[in-house]
Each structure stands twice: as C-alpha cells, then as structure tokens.
Amino acid sequence: MKTQTFRKAEHLCRQRDIETLFSAGSHALTAYPLRMVYRATTPGSRPPVQVLLSVAKRRLHHAVDRNRAKRQLREAYRRHKYLLTDALPDGAAWHVAFIWLAEGPIDSRQIDSRMQSLLRRMAERIAAGSDHDGSRENRDGGLENHDDSHENRAGSVSHTPSEP
C-alpha cells in the first residue's frame, strides 16, 4: 500500500521558491475548479515534489469556506499524489501550486476527481518528456487548447505592446 501522507517538508513555503514557481517558464493545467501551476526545479535534500495550496479570499469570502476548500485540496492531494510521484524519474524535482478557481464551495468528490485528472495529466507529460502541450480541461472535463505558460498570477495573459 502506498504511503498517504502530506508532511510539512512537502509543503512549498519559501518565498523565493514561490516567486520562481509563478515566474515565466512555469506551466499550468486547469480542471475546474482547480488550476495547477508547476515547474521543474533542482533536486536537493527536499522531497521530489513540493506543493502550495492557495484559496483566495476574493473567491471564498468566509474563512470557514476557505478552510474547508484547503482541507479538501490537502486530502485530495494526499490520497492521489502517488499518481505523480510514481511517474517521476530519479533525480527529478517539481514545485506545484494548486489554485482554487470556484466562487463558492464545491463537493469533495468533484475536487477529488479533478485532482486525479490534473496529477495524471502532469505525470503523462513527465513520462512523455514534455512539460507542456498547450491543452487544459474545461469546466465539463473536456479539453481546450490553450497555452497557459505566459499567464501571470491573476490568470490574465500579459501582452507586450507592439511598436509602430
């Protein structure tokens, strides 16, 4: 049986690592109500995958709802992290963030299934040797083709003005 834990060492806490995760070069997958942002990092003495969970006050106004959402995310990741860790090659390390997108509470079964979907898709990309293929799931679980690699933290695409 797989060990189903989510220890403190697996939490992404260092501000520098978080800033690097959300900078250019990171990739994103979306399976509503979750967005996963991930980036390869240098392996070290830390666990091969470190995770950040984010539920914004803008999305869920009441603390009780935010705490429940974070608890759902932790539980879903803890139960299914083997989908990702088993697919990692030796010496690989990743930083991953799960961002809550929904404007209200969501059923735990839906969070669980979407977490599985995101972890499977990331594992497939790692196994295929490609970090990003430009597709993401829409709200119904279908795939849309988008390139999220240039999105900023708020989810809007940053554009550079064209010169005349």
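**View 1. Pro33 sits in the loop between strands S1 and S2.** This is a predicted model, and we start at a turn of the chain. Pro33 lies in the loop that leads from S1 to S2 (34-41). Look at the peptide bond that runs from Tyr32 to Pro33: it is cis, with omega near 20°. S1 and S2 make a hairpin, with two residues between them. The two strands run antiparallel and are joined by five bridges. Right beside the loop, Ala31 stands opposite Leu34 of S2.

**View 2. Four strands make up an open sheet.** Pull back from the hairpin and the strand order reads S1-S2-S4-S3, with mixed pairing. Which strands are at the edges? They are S1 (27-31) and S3 (49-54), and each of them pairs on one side only. Neighbouring strands are turned against each other by 20° on average, ignoring direction.

**View 3. Strand S4 pairs with both S2 and S3.** S4 covers residues 93-100. With S2, S4 pairs in the antiparallel sense, over eight bridges. To find your way on that side, pick out Arg35, whose bridge partner in S4 is Ile99. How does S4 run relative to S3, parallel or antiparallel? Those two run parallel, and six bridges join them. Here Leu53 is a handy marker, with Phe98 as its bridge partner in S4. As a reminder for looking at any such sheet, side chains in a regular strand alternate between the two faces.

**View 4. Helices H2 and H4 cross.** Now for the helices: H2 spans residues 63-80 and H4 spans residues 108-128. Their axes come within 9 Å and cross at roughly 45°. That angle makes H2 oblique to H4. The crossing of H2 and H4 is right-handed. On the H2 side, the contact is made by Arg68, Gln72, Leu73, Ala76, Tyr77, Arg79 and His80. H4 brings Ser108, Ile111, Asp112, Met115, Gln116 and Leu119. What kinds of residues meet in the contact of H2 with H4? There are six nonpolar, four polar and three charged ones.

**View 5. Glu10 and Lys81 meet in a salt bridge.** Side chains of opposite charge can pair when their charged atoms come close. In this pair, the distance from N to O is 2.7 Å. The partners come from distant parts of the chain, 71 residues apart. Glu10 is in the segment before helix H1 (15-21), while Lys81 is in the loop between H2 and helix H3 (82-85). The model's salt bridges come to seven in total.

Methods. Residues are numbered from 1 along each chain as its sequence is written. This is a predicted model: local features need pLDDT of at least 70, side-chain atom pairs count only at pLDDT 80 or more; totals for chains, interfaces and linings use all residues. Side-chain values use heavy atoms; hydrogens and water are left out. Two strands pair if DSSP finds at least two bridges between them. Axes are lines fitted to C-alpha atoms, for helices over the stretch in contact, and angles run from 0 to 180 degrees between N-to-C directions. Angles under 35 degrees count as roughly parallel, over 145 as roughly antiparallel, 65 to 115 as roughly perpendicular and the rest as oblique. A crossing is left-handed if the near helix is turned anticlockwise from the far one by less than a right angle, and right-handed if clockwise. Contact means heavy atoms within 4.5 Å. Ala, Val, Leu, Ile, Met, Phe, Trp, Tyr, Cys and Pro count as nonpolar, Asp, Glu, Lys and Arg as charged, and the others, Gly among them, as polar. A salt bridge is a side-chain nitrogen of Lys or Arg within 4 Å of a carboxyl oxygen of Asp or Glu.
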